[in-house]
Structure formats: C-alpha cells, structure tokens
Amino acid sequence: MRTRAVGVAAVVAVSALGLFGSSYHLFQLTLVVIYAIALLGLNLLTGYGGQISLGHGAFYGIGAYTLAVLVHRTSVPYWLAIPAAGALCGVVGFLFGLPAVRLGGLHLALATFALGVVFPQVLKSRGLEALTGGVQGIALEKIEAPLHLPLSPDQWIYCVCLATAVALFAVAHNLMRGHTGRAIVAIRDNAVAASSMGVDTAMYKSLTFGLSAFYTGVAGALGALAVQFVGPDSFAVFVSISFLVGVVVGGLASISGAIYGALFIQFVPDLADSVSKAAPSAVYGVVLVLSIYLMPRGVAGSLRSIVTQPKEGP
Amino acid sequence: MEAFLHQVFGGLANGAVYASLALALVMIYRVTHFVNFAQGELALVSTYVASSLINAGVPYWVAFVATVALSFGMGVLVERVVIRPAMRAPPLSIVIVFIGLMVVLNSMAGWIFGYDTRSFPSPFPSEPLFGNHYLASHELGVIGVTLVMLALLYVFFRFTSLGLALRAVADNPESSRLVGIRVERMLALGWGLSAAVGAVAGMMIAPIVFLDPSMMGAVMLYAFAAALFGGIDSPGGAVLGGFTVGVLENLMGTYVVGTELKLTTALALIVGVLVFRPAGLFGQPAAARV
C-alpha cells in the first residue's frame, strides 16, 4: 500500500514537472495524459470486463465531436462540454452494448469493429455535414486560463487534463475495488457462477460498456481541446487498434497499465514513423502478438512480478 | 427497371466475393471457434502476389493458380507459426492475436508493395458476354468463378474422405483423434483452404475496387455481416448471406442511404442480426453445458 502511495505521488510530481517543458513536449505529455484516460476506459471493458472492443476510436471521436460542436456551434463553455461529451458517449455505449454484450465476446468484437470502420464515413455524410463540418472538420480556438492565472493556454489545458485524469483514475481505482468491480471481474471469470450469485450479468456488462465509453469520450473531448481540431480521418479504425495495443501492452486489468500504454502509443509510433510509413502499424501488430506470448499481463504485470518476486520466491 | 436490375446483378457479383470470404470465415470458425479477423489481409497479400506475378509477365490463369497454391501455403504457415501456439490462451488473447495478425499483414503489404493504388487486370473480355445488358462480363465471370469454386468445395467436403475427416475435426477434435485422424494436419488444411478461397475472392474483387492496402477493409466488413447474417457456423448460410449482403448493399446505396453511407448497411445488418436473431439465419443457437 505504501509503495502505491509513493508511486502515485511520484507520477503526479513527474507530471507536474511537465509544465516547465517546452511547448512541444508539453503537447506530447498532454496527449499521453489524454490517452491514459482513454486506455483506462477501454481497460475497464477489456481488462476487467473481458469484453473486447475494436471500436473505441469511435467513442473517442464521438467525445471529440460532441465537444467541438457544443463549443463551436453553440456557446456552451468547454468545462461543461467535457462532461456532456462523456455523458453522451456513456449513453451511446450503454445502448450499443445492450444487444451486443448479451452474446459472446466475438459478436461484440465484430459489432464494435463495424462501428469503428463505419464511424468516419458517418461523420463525412451529407446529412451531418452542417453539424460536423464534413471532410473539413471543425477547428477550435485555444482555451485561456481563468482568473488571470499565470499559465499559457498550453499549460492550462495540460492542467485540465491532468486534474481530470487524477479524478477519473481515483474513481476507477475505487470502483474496481468495490462491489461493482468485483461483479465485473466475476462476470469475466465465470458468468454462470456470477449470475447464480445474483449478479445481473447483462446489465453489468452493458453498464461496463457505458462506463468505458464515458471514459473514452471524456478523453476524446480533452483531445479535441488539446489538438484544437476534429476531422473525420482522425478517428479511423487505426485509433481503435492503437487503444487496444495500448491496453494490452500496458497491462490488462491494471489501473496503472493505462499510463504505460499511453506512453507506448504516444512515443513508439513516432519513433517507428522515421523508419517507414508502414512501420508504426507493423510495430503495433508485432507488439500485439508478442505481448500475448511473452508478456500477457503487460508492462504493469511484468513490473509487479519483478517487484514482488523476492517475497514470493522460495 | 433496367437500372434496378443492373444494381441487383452488380450486387450479385460483389455478393459472390463476400460469399467466398464469408465461407472462408466460417471454415476457420468451425475449426477454431474464432472469427479470423486477418482473413481479408491474407487475401490482400495474395492479391498483391498475383499482381506482381502478372506484372512480371506471367499469363493470368497461370498466376491465378500459382497464387492460390502460394496462399494455401501461407495459410498453413500462419496456422503453424502464429495461431497454434496461441490456441491454449484465453479467448480474449486469441482475438488479440488475430487482430495483431491483421495489422501485421496489412502493414507488410504496404511496406513491400507500396501504398500506390494499382489497377488489377480482369481475365474476362471487356464486351458484355452473351449480348446481355445487365451484367458486365467481369461481373458475370466473378459469379461463375465463385460458383465453380463453391461446387468444388462442396464436392470436397461432401464426397472425399479428406473432406469427411476435416468435418469430423471441426465437429469433435478429441473423438477424431481417437479414430486416428491427424487433427493438426486437418487444422492446417482448413487454414490453407480458407486462405486459398480468400485469394480467389481477392483476385476477383481487385479489378472492381482497385488494389491498395486498404482494399479489404470495407469488403471484409460486408463479409463479416454476411457470415453473421447466414449464421457464423453455417457454410450454406454464409454463401446465401454473401449474395444477400451484396444485393442489399447496392440497393441501399442507390435508393435509400446513398453511396457515401453504404457501409453503414453492414453495421446496421450486424447489429440487427445480434438483436433479432443472434445465431443468424441458419446457425445453431449456442448452447453451453454448465
């Protein structure tokens, strides 16, 4: 328990140091924090719930577009638009999960994959063009720090993301330790046993999906603020696959895994991109397969076993 | 009316391709109980191989046969190297391996063959066959090739002892092993066959949609929809589903949602099947012993 407290304090302290970095590094760190929230969302579903989603890029996109439309087309302030985006995603996720999660994970994988592939096309469609800006997307303005705080817009958005992330991580941590989390994990491990213990499996699965979409939607909204732009091609199926890679690499069913995964999907593709256009996705694919063989519990699981090994060893 | 019939027949040609891919999915599903997300990308690699052979001056049908044979080998190799070691892992891990394989194959195709869009030749004459007005000869050819392939597969599975052994393994691997069937070889054979079927589908669709690394994305989505619609464990259902989805796609695209939203038909169909008939038209409803 003490190591965990030290760990959390260290992460927050290191993150705060980011404020003093150059604006480019600050931007990268902001994205890491945002991805961490999105990955945490997917991990609630995939790691804890055992349900796979190949369409979380769409929820990330719905969150981003909801914020962009609210802020750009109406006069809703961004701090209201962020939870609104999350809430909308939560509802959409719950409704989408309702039919899909009653069945095996396979059907959910197919349905969410379809969602991920179709989503950019829907954004571009003529019917929604007035709202979404079609292929052009929507450009957003930088947000200013309130109360004349001595922070640049880049530093302020970083603070907003960090504060949101701390809050959402704390909620997820507590939720997964409580009876809700135990119910979710019980359904993953043995649905029949869980339902015979009185757990409403279909309801919990849909709720998990909604919760997961909520987290990812909030991340999408923050992402739109940080990038100051939303466009249909930013939310192609590749985003969904990145998230899955991040969750698997970071560690399934691990809260801290989301951070390692976010670091991975932020920095590794950039490195690989300098080799070849195909390299980022090639790295993703190879890492995905190898993680399952060599590191099934991800970076978080491997670190944990290194730390705890001396105590458990003979 | 003429335009309508044109859409229907065009849909049948695309549907033949979806039917082939859906059938390949069902073949893998029956032996592994997983959907092969990498099916489309295997077919993509095959199509690139065919394209390279044809560009090197190999006659079309020679390249066709060589590609089918090479794809068979590729399917066997993938099963042996990537899939078999993973089959003991939890289901979630296996799905992730399939996704990883899909991403690897796609990026390898882009890396080796480039991201430029290529045209792919059709082996069929450019004038309409038999003087009909509704169907371009490539479309007619696609339907013909698919039907011949389906007939061959039917004969193989129904009337040969190897086909019987394969069906036995899909049905009950343990008992099959007890009666002396080499289960591992049959699994490899199943993967090889489905990769070969996918290769034919890829070579048939490439002249219509053009060849680039994202070619199979939309095609696979329709094939998934077709397989789910027909019933993921039913070969006949997959074929019927493929043709249905092909026609539905064209009609919805032309008359209802517009071509830009054609792909949403696939999503709507997948969700619709999940809500109203999860086992598909001809699938066995899943029953598990508790």
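**Two loop residues, a chain interface and a shared core**

Gln228(A) is partly exposed, with 15 other C-beta atoms within 10 Å; a residue counts as buried with 20 or more such neighbours, as exposed with 12 or fewer, and as partly exposed in between, with C-beta atoms placed from the backbone. The structure is a predicted model, in which local features need pLDDT of at least 70 and side-chain atom pairs count only at pLDDT 80 or more, while totals for chains, interfaces and linings use all residues. Residues are numbered from 1 along each chain as its sequence is written, and chains are lettered from A and ligands numbered from 1 in the order in which they are written.

The model scores ipTM 0.83 and pTM 0.86. For chain B, pLDDT (the predictor's confidence in each residue, from 0 to 100) averages 86, and 96% of the residues score at least 70.

Gln228(A) sits in the loop between helix 10 and strand 2 (229–230) of chain A; helices (H or I, at least four residues) and strands (E, at least two) are DSSP runs, numbered from the N terminus. Phi of Gln228(A) is near 60 degrees, a positive value in a residue other than glycine. Most residues other than glycine have a negative phi. In chain B, His33(B) also has a phi near 60 degrees. His33(B) belongs to the loop between helix 1 and helix 2 (39–55) of chain B, and is partly exposed, with 15 other C-beta atoms within 10 Å.

Turning to the interface, 39 residues of chain B are in contact (C-beta atoms, placed from the backbone, within 7 Å) with 38 residues of chain A. On the chain B side, helix 4 (91–113), helix 9 (215–230) and helix 11 (262–276) each give two or more residues. Helix 4 of chain B supplies the largest share, 16 residues. By class, this side has 31 nonpolar, seven polar and one charged residues; Ala, Val, Leu, Ile, Met, Phe, Trp, Tyr, Cys and Pro count as nonpolar, Asp, Glu, Lys and Arg as charged, and the others, Gly among them, as polar.

The largest nonpolar core (buried Ala, Val, Leu, Ile, Met, Phe, Trp, Tyr and Cys residues joined through C-beta atoms within 7 Å) has 208 residues, and Ala114(A) and Ile270(B) have the most contacts inside it. Its largest share, 17 residues, comes from helix 1 (residues 2–32) of chain B. Not counting residues up to four places away in sequence, Ala114(A) touches Leu221(B), Phe224(B), Ala266(B), Leu267(B) and Ile270(B).

Conventions:
Two residues are in contact if their C-beta atoms, placed from the backbone, lie within 7 Å.
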